[in-house]
Amino acid sequence: MNKQLLPIDEHLQDIANAVENNPVTIVKAAPGAGKTTRVPPALLDCVKGEILVLEPRRLAARLSAERIAEELCEKIGERIGFHIRFEQATSKQTRIKFITDGLFLRFLSSDPNLSNV
């Protein structure tokens with residue numbers, strides 16, 4: 001699949017460097033700039049553990065994960081997966097997990113330190 005260039009692409013290395021220096025990093029860009037589909041994969045090499053991406057709706061979580069997996073020529077549930085209410089596509093290899101806000105609260109209650117994130 002050919003990846004279309006998105007506005008955020010030219011900033012991915014700067015974002016990765018910022019995350020390496022400070023894991024609390026805020027990225028602000030216009031809708032459609034590529035925050036959801038480009039930033040998480042760009043962080044795979046500089047972040048140890050799992051990367052959680054919060055989406056407000058189940059459909060957005062699933063479709064975003066599927067899009068990134070497709071761009072990386074992988075199957076959903078390998079390095080890229082999702083976990084939403086009543087549905088999950090993850091494995092032991094999953095590094096980027098798209099989840100809903102509600103599920104995030106459940107993750108926090110079971111592991112307040114998010115030790116693997």
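A residue is described as buried when its relative accessible area is under 20%. In this predicted model, H83 has a relative accessible area of 14% and is therefore buried. The surroundings of H83 are best described by beginning with the sheet to which its strand belongs.

The sheet is open and consists of four strands in the order β1-β4-β2-β3, with mixed pairing. Strands β1 (51-55) and β3 (87-89) occupy the edges; each has a single partner strand, so one side of each is left without a neighbour in the sheet. From one strand to the next, the twist averages 20 degrees. Strands of a sheet pair through backbone hydrogen bonds, in either a parallel or an antiparallel manner. The pairing of β2 (residues 80-84) with β3 is antiparallel and extends over three bridges. Within β3, A89 is the bridge partner of F82.

Two helices are in contact with this sheet. Helix α3 (residues 58-71) lies across β1, β2, β3 and β4 (96-100), and runs at about 170 degrees to β2. Helix α4 (residues 101-110) packs on the sheet as well, where it touches β1, β2 and β4. The direction of α4 makes about 110 degrees with that of β4.

Residue H83 itself lies in strand β2. Its side chain forms a polar contact with the side chain of Q88, at 3.2 Å. When residues up to four places away in sequence are not counted, H83 touches Q88, K97, F98, I99, T100, L103, R106 and F107. The burial of H83, at a relative accessible area of 14%, is thus accompanied by contacts with residues that include F98, L103 and F107.

Conventions: Residues numbered from 1 in each chain as written. Predicted model: local features only at pLDDT ≥ 70, side-chain atom pairs only at ≥ 80, totals over all residues. Heavy atoms only, no water. Pairing = 2+ DSSP bridges. Axes fitted to C-alpha atoms, helices over the stretch in contact; angles between N-to-C directions. Contact = heavy atoms within 4.5 Å. Buried < 20%, exposed > 50% of the residue type's maximum accessible area, 1.4 Å probe, protein only. Polar contact = N/O pair within 3.5 Å; in protein donor to acceptor, adjacent residues only side chain to side chain.
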